[in-house]
Amino acid sequence: MLVGKRVTLRALTEADLPRLTEFKNDIEFELLGGGDPPRPRTLTLVQQFFDEQAKDKDSPNFAIEVDGLFIGDCGLHNVNRRDGTAEVGIGIGDRAYWGRGYGREALALLVDYGFRMQNLRKLWLEVHGSNKRAIRSYRAVGFVEEGRQREQTWSGGRYEDTVLMGLFRSDFEGS
């Protein structure tokens with residue numbers, strides 16, 4: 001559906017769920033993200049989450065694909081049509097694709113989709129302060145730090161800062 005130089009964002013399908021379940025059970029991958037503490041996830045739990053997400057027409061989710069291989073997922077969440085805002089979520093679950101620019105390209109495609117196709121005016125996200133690779137990627141696309149909640153999240157046996165980042169459409173289009 002959305003095609004970049006190396007990355008395609010397409011609909012997440014049931015065929016992706018076994019691999020997504022692998023990603024969701026990778027403790028290192030799960031500790032990079034925010035939200036709930038990592039826990040074992042069965043294919044059934046991932047299927048239930050997929051089914052719930054499929055019902056939410058305002059929160060599009062995409063599979064991230066490289067050379068025909070599903071490597072992760074991304075989407076827009078907590079979409080607020082009145083305010084024109086949405087939260088961005090992204091995860092490259094396949095470690096072979098970490099640190100090689102695929103997440104950055106997928107994020108740029110998602111951001112462009114949010115602004116041009118969904119007519120949003122601002123996108124935002126939360127990230128662990130220790131996730132330097134993700135923060136570099138977000139900054140490269142244009143996100144700026146808007147705040148920091150110190151020692152906000154318990155993750156991997158310690159408290160982590162939560163960094164709040166945002167990007168306005170006008171700043172993205174001007175880059």
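In this predicted model, Tyr102 touches Arg6, Val7, Val66, Ile71 and Tyr97, once its neighbours within four places in sequence are set aside. One of these partners, Val66, lies 36 residues away from Tyr102 in sequence, yet the two C-alpha atoms are 8.2 Å apart in space. The relative accessibility of Tyr102 is 7%, and this residue therefore counts as buried, the cut-off being under 20%. Tyr102 belongs to helix H4, and that helix offers a convenient route to the next part of the picture.

Helix H4, spanning residues 102-117, packs with helix H5, which covers residues 132-141. Their axes are 9 Å apart and meet at an angle of about 45°, which means that H4 is oblique to H5. The crossing of the two helices is right-handed. On the H4 side, the contact is built from Gly103, Arg104, Leu107, Ala108 and Val111, while H5 contributes Arg136, Ser137, Tyr138, Ala140 and Val141. Sorted by character, the residues of this contact comprise six nonpolar, two polar and two charged.

Turning from helices to strands, the model has an open sheet of eight strands with mixed pairing. Reading across the sheet, the order is E1-E2-E3-E4-E5-E6-E8-E7. Strand E1 (2-3) and strand E7 (144-155) stand at the edges with a single partner strand each, so one side of each has no neighbour in the sheet. As a general reminder, strands of a sheet pair through backbone hydrogen bonds, in either a parallel or an antiparallel sense.

Both senses can be followed around strand E5, residues 85-92. With strand E4 (residues 69-80), E5 runs antiparallel, and seven bridges join the two. Within this pairing, Gly72 has Ile92 of E5 as its bridge partner. With E6, by contrast, E5 pairs in the parallel sense, over three bridges. Here Ala86 finds its bridge partner in Leu123 of E6.

Strand E6 itself, made up of residues 122-128, is mostly covered. Of its seven residues, five are buried. In the sheet order, E6 sits between E5 and E8. A helpful way to view this region is thus to start at E4, step to E5 through the antiparallel pairing, and continue to E6 through the parallel one.

Conventions. Residues are numbered from 1 along each chain as its sequence is written. This is a predicted model: local features need pLDDT of at least 70, side-chain atom pairs count only at pLDDT 80 or more; totals for chains, interfaces and linings use all residues. Side-chain values use heavy atoms; hydrogens and water are left out. Axes are lines fitted to C-alpha atoms, for helices over the stretch in contact, and angles run from 0 to 180 degrees between N-to-C directions. Helices (H or I, at least four residues) and strands (E, at least two) are DSSP runs, numbered from the N terminus. Angles under 35 degrees count as roughly parallel, over 145 as roughly antiparallel, 65 to 115 as roughly perpendicular and the rest as oblique. A crossing is left-handed if the near helix is turned anticlockwise from the far one by less than a right angle, and right-handed if clockwise. Contact means heavy atoms within 4.5 Å. Ala, Val, Leu, Ile, Met, Phe, Trp, Tyr, Cys and Pro count as nonpolar, Asp, Glu, Lys and Arg as charged, and the others, Gly among them, as polar. Buried means under 20% relative accessible area, exposed over 50%, partly exposed in between (1.4 Å probe, protein chains only). Two strands pair if DSSP finds at least two bridges between them.
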